[in-house]
Structures are given as structure tokens and as C-alpha cells.
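Thank you for asking me to look through this structure with a newcomer's needs in mind. My comments are set out as numbered points, to be read alongside the sequence and the coordinates.

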Amino acid sequence: MSFRLGQMVLVMFGISVVAFLIFFATPGADPSARIAGRNASQETLVQVRHDFGLDRPLPVQYGLMMNRLFVSRDLTSFVNRGQRVIPAVTAAIPVTLSLVGGAAVLWVLGGLIVGVIAGATRGTFIDRALMILSLIGVSIPVFWLGEVANLLTQSRWHDTWLFSWVPPLGYIPLTKDPWGWFKALVIPWFTLATLYVASTDGCCGQA
């Protein structure tokens, strides 16, 4: 158990070092400009370099960044006028897990159903139709599909019986209103799962 824990710590350390080097030690790139955002003044860039220790050796920069992320937890965003990063990320975790978890369930169930149908009807019109739908699903950008879903469910057809149950855009905590949480996420779940269900069917069709 302790050996596996040590391995996990080493892996996490390696990932953190690689991520740090990619964002802060890429040749020809100025990390202070990335942090400060576009059109930042020279005074802001100087302040960012000083606050993040970017004018010091790389090992010191890494240590300061890890300290601000995990110890002091006082990492702030210059783009969002001093907003603390860690609380913002922490607040977004339930939303992200809810979205990804529900979409994953639909992906697995939808992929199994579509894959079984495609396998059972190989070479038939149904199989070819599913392949065409899969190609369409893979080709459609998820962000565009999400915008279309919002347009239909929040504007065009929101007052009809089909989508009158859809709540306004926004996250409803599961602990506050489980049914509201489900209704608020079911459309995003289907939107996100569409790409992966289509990919699953495409793989099954080529097998």
C-alpha cells in the first residue's frame, strides 16, 4: 500500500513539473503575459513577474507556484481583477462532476444500445443509417450543438409542451433540489454524450 502511494505521489509530482514547464518554461513565450491577459500594461507585467517569482530561477518558481496552489491557496487572477483561483475552481467542481458523470452514463448506455443494434443489423439499411448518424454526430462541434439546444429549449420552443419543463440556464445543486438538478442537466448531458455515442458506434461499425 505504501509503495503504491509513493508511486502515486511520484506520478503527481511528475505531472505537476511537466505542466509547470509547459506553461512557464516554453522557449519564446512570456508566462507573465499569459497570466496578465491581453493588452496588459508594462506595469502589470512587472507586477506579475514579481508576484509569481518569474524573475527567479525555475526551481524557485515551481516551489512558489505549488505553495500558492496547495499551501497558502492565495493564487489570484490578474485577468479577473484579483479573483482567487482556488475557491473558483473548488466551486466549479460539483458542476463539472455533475455534467461529466451524467454524460458518461448516457454515453455508456447509448453506446451499448447503438452498438448492439448496429452489430445485429450489420449490412442492412439500419446499420448504414446508424453509420450516417454517427458520422454526423462526430462531425458536429459540441459547442455548436449546445448553442442550438439552448436556442430551442430556452427560446424557440420553451413555451411548448416539449420543453416547458426545462429550467432557465444555470446550475442547481443536487443537495438543494435533486429534481431541479436533473432537469437543468439532462439537455447538457445529451448534448455532450452525442459525440461519444457517435464515436462508439463508428468504432463498432468498423470492427
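The points below take up aromatic pairs, a charged pair, a surface patch and some single residues.

1. A word of caution belongs at the start, since what is shown here is a predicted model, and every value quoted below was computed from that model.

2. How many aromatic pairs does a search of the whole structure find? The search returns seven of them. One is formed by Phe20 and Phe24, whose ring centres are 5.0 Å apart and whose planes meet at 20 degrees; because planes under 30 degrees apart count as stacked, this pair is described as stacked. Both residues belong to helix 1, which covers residues 2-24, and because they are four residues apart in that helix, about one helical turn separates Phe20 from Phe24. Phe20 is buried, and Phe24 is buried as well.

3. A second stacked pair is made by Trp179 and Phe182, with 5.5 Å between the ring centres and an angle of 15 degrees between the planes. These two residues are three apart in helix 8 (residues 178-206), so that about one helical turn lies between Trp179 and Phe182. As for their surroundings, Trp179 has a relative accessible area of 56% and is therefore exposed, the threshold being over 50%, whereas Phe182, at 33% relative accessibility, counts as partly exposed.

4. The pair in helix 1 should also be seen in a wider setting, for ring pairs join Phe13, Phe20, Phe24 and Tyr62 into a cluster. Tyr62 appears again in the contacts of Ser16, a residue of helix 1: leaving aside residues up to four places away in sequence, Ser16 touches Tyr62 and Met66. With a relative accessible area of 17%, Ser16 is buried, because the limit for that class is under 20%.

5. Helix 1 also deserves a look from the outside. A nonpolar patch on the surface is formed by Leu5, Met8, Val9, Val11, Met12 and Ile15, which together have about 590 Å² of accessible area. Of these residues, Val11 may serve as a point of orientation, its place being in helix 1.

6. Which residue forms a salt bridge with Asp30? The partner is Arg49, and the closest N and O atoms of the two are 3.0 Å apart. The pair links distant parts of the chain, given that Asp30 lies in the loop between helix 1 and helix 2 (31-36) while Arg49 lies in helix 3 (residues 42-51), 19 residues apart. Asp30 counts as partly exposed at 33% relative accessibility, and Arg49 is likewise partly exposed, with a relative accessible area of 26%. The count of salt bridges comes to one.

7. A charged residue is also found beside a ring in this model: Arg68 lies over the face of Phe52, at 4.9 Å from the ring centre.

8. Two isoleucines complete these remarks. Ile126 has its place in helix 6, counts as partly exposed at 43% relative accessibility, and touches Ile117 and Thr121 when residues up to four places away in sequence are not counted. Ile140 lies in the loop between helix 6 (125-139) and helix 7 (142-156), and at 24% relative accessibility Ile140 counts as partly exposed. Although Ile140 and Thr194 are 54 residues apart along the chain, their C-alpha atoms are separated by 9.2 Å.

Definitions and conventions: Residues numbered from 1 in each chain as written. Predicted model: local features only at pLDDT ≥ 70, side-chain atom pairs only at ≥ 80, totals over all residues. Heavy atoms only, no water. Phe/Tyr/Trp six-rings, centres within 6.5 Å; stacked < 30°, edge-to-face > 60°. Buried < 20%, exposed > 50% of the residue type's maximum accessible area, 1.4 Å probe, protein only. Lys NZ or Arg CZ within 6 Å of the ring centre and 35° of its normal. Patch = residues over 30% accessible without salt bridge, like charges linked within 9 Å, V, L, I, M, F, W, Y side chains within 5 Å. Areas by Shrake-Rupley, 256 points an atom, 1.4 Å probe, with all protein chains shown as cover. Salt bridge = Lys/Arg side-chain N within 4 Å of Asp/Glu carboxyl O. Contact = heavy atoms within 4.5 Å.
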